[in-house]
Amino acid sequence: MQLQFVGCGDALGSGGRYNTCFHFTGAQVNFLIDCGASSLPALKAQGIARNDIDLILITHFHGDHFGGLPFLLLDAQFTRRSRPLVIAGPQGIEARLTQVMEALFENSSKTERKFDLSIVALNPEETREFGGVKVTPFPVVHGESGGPFLAYRVEAEGRVIGYSADTEWTETLIPVARDADLFIAEAYTYDRVVKNHLSLVTLEAHLPEIEPKRLVLTHMSDDMLARLDALDYTAASDGMIVEL
Ligand SMILES: [Zn+2]
Ligand SMILES: [Zn+2]
């Protein structure tokens, strides 16, 4: 299986990076995790066939993880997509998607589509399977409002991937990524502890409990991006490919 970091930026466009969007492809699977506001131009810039994507997993409803969906759905419409698409995310996703589509492109949520679109609400710690993709969501801590917020443990093509999503440290990140082949972890700041986000130093202190086989850092602020050359860890960059 292959992972391409279509976008690995934060909500503020730090470092000129695209919003969060990860693309996984394998013999049986083709899916995205998150689809931030800038994801359609990012997918196009990287030559990714949008209409081959079968599943989009959404971690939460912030614009830098969710805001690209209206553009992606519009693109699907205009390119005559016929392949069914599943979008799965936290409880309330159907209403939130309608709201954001109507806010950005009036009536777009009501347009008749030539493809089947299923919107699926996921419950924490309830495993679901979509095609060859097994998904277990875990609740994370990312603010008082705008939730629910989910991290994902995903199994596909015999590989396990954990993604922290945006969160401050929480014990649920241990089952998210324990012994995973790859842990994609937010490292928003280096050592400064801020509410709702993870610092690298905090993450580092918990790595012995998680023991991922590989770790890639994502969603970095300017503070972290300025330290990239001195880090002992692999940091994501837009377009970066990881073979799994
Ligand atoms: Zn974010
Ligand atoms: Zn967020």
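Three short exercises on a predicted model follow, each with a worked solution.

**Exercise 1.** Find which residues coordinate the zinc ion (ligand 1), and work out why the arrangement counts as irregular.

*Solution.*
- Start with the donors. They are Asp 64 (OD), His 65 (NE2), Asp 166 (OD) and His 219 (NE2), at 2.1 Å.
- Place them along the chain. Their spacing reads D-H-x100-D-x52-H.
- Check the angles. The four donor atoms subtend 86 to 163° around the zinc ion (ligand 1).
- Apply the cut-off. Four donors count as tetrahedral if all angles lie between 85 and 135 degrees. The angles reach 163°, so the arrangement is irregular.

**Exercise 2.** Identify the residue that coordinates both the zinc ion (ligand 1) and the zinc ion (ligand 2), and decide whether Asp 166 and His 65 are buried or exposed.

*Solution.*
- The two zinc ions lie 3.4 Å apart, and Asp 166 coordinates both.
- Locate the pair. His 65 sits in helix α2 (residues 63-66), while Asp 166 is in the loop between β10 (159-163) and α5 (173-177). They are 101 residues apart, so distant parts of the chain are linked.
- Recall the cut-off. Buried means under 20% relative accessible area.
- His 65 has 0% relative accessibility, so it is buried. Asp 166 has 1%, so Asp 166 is buried too.

**Exercise 3.** Trace the open sheet of seven strands and name its edge strands.

*Solution.*
- Follow the order: β7-β8-β9-β10-β11-β12-β13, with mixed pairing.
- Look for strands that pair on one side only. These edge strands are β7 (128-130) and β13 (234-235).
- Zoom in on one pair. Strand β9 (residues 150-156) runs antiparallel to β10, joined by five bridges.
- Pick out one position. Glu 155 stands opposite Val 160 in β10.

How values were computed:
Residues numbered from 1 in each chain as written. Chains lettered and ligands numbered in written order. Predicted model: local features only at pLDDT ≥ 70, side-chain atom pairs only at ≥ 80, totals over all residues. Heavy atoms only, no water. Donors = N, O, S within 2.8 Å, 3.2 Å for Na, K, Ca; no water. Tetrahedral: all angles 85-135°; square planar, octahedral: opposite > 155°, others 65-115°. Helix = DSSP H or I, 4+ residues; strand = E, 2+ residues; numbered from the N terminus. Buried < 20%, exposed > 50% of the residue type's maximum accessible area, 1.4 Å probe, protein only. Pairing = 2+ DSSP bridges.
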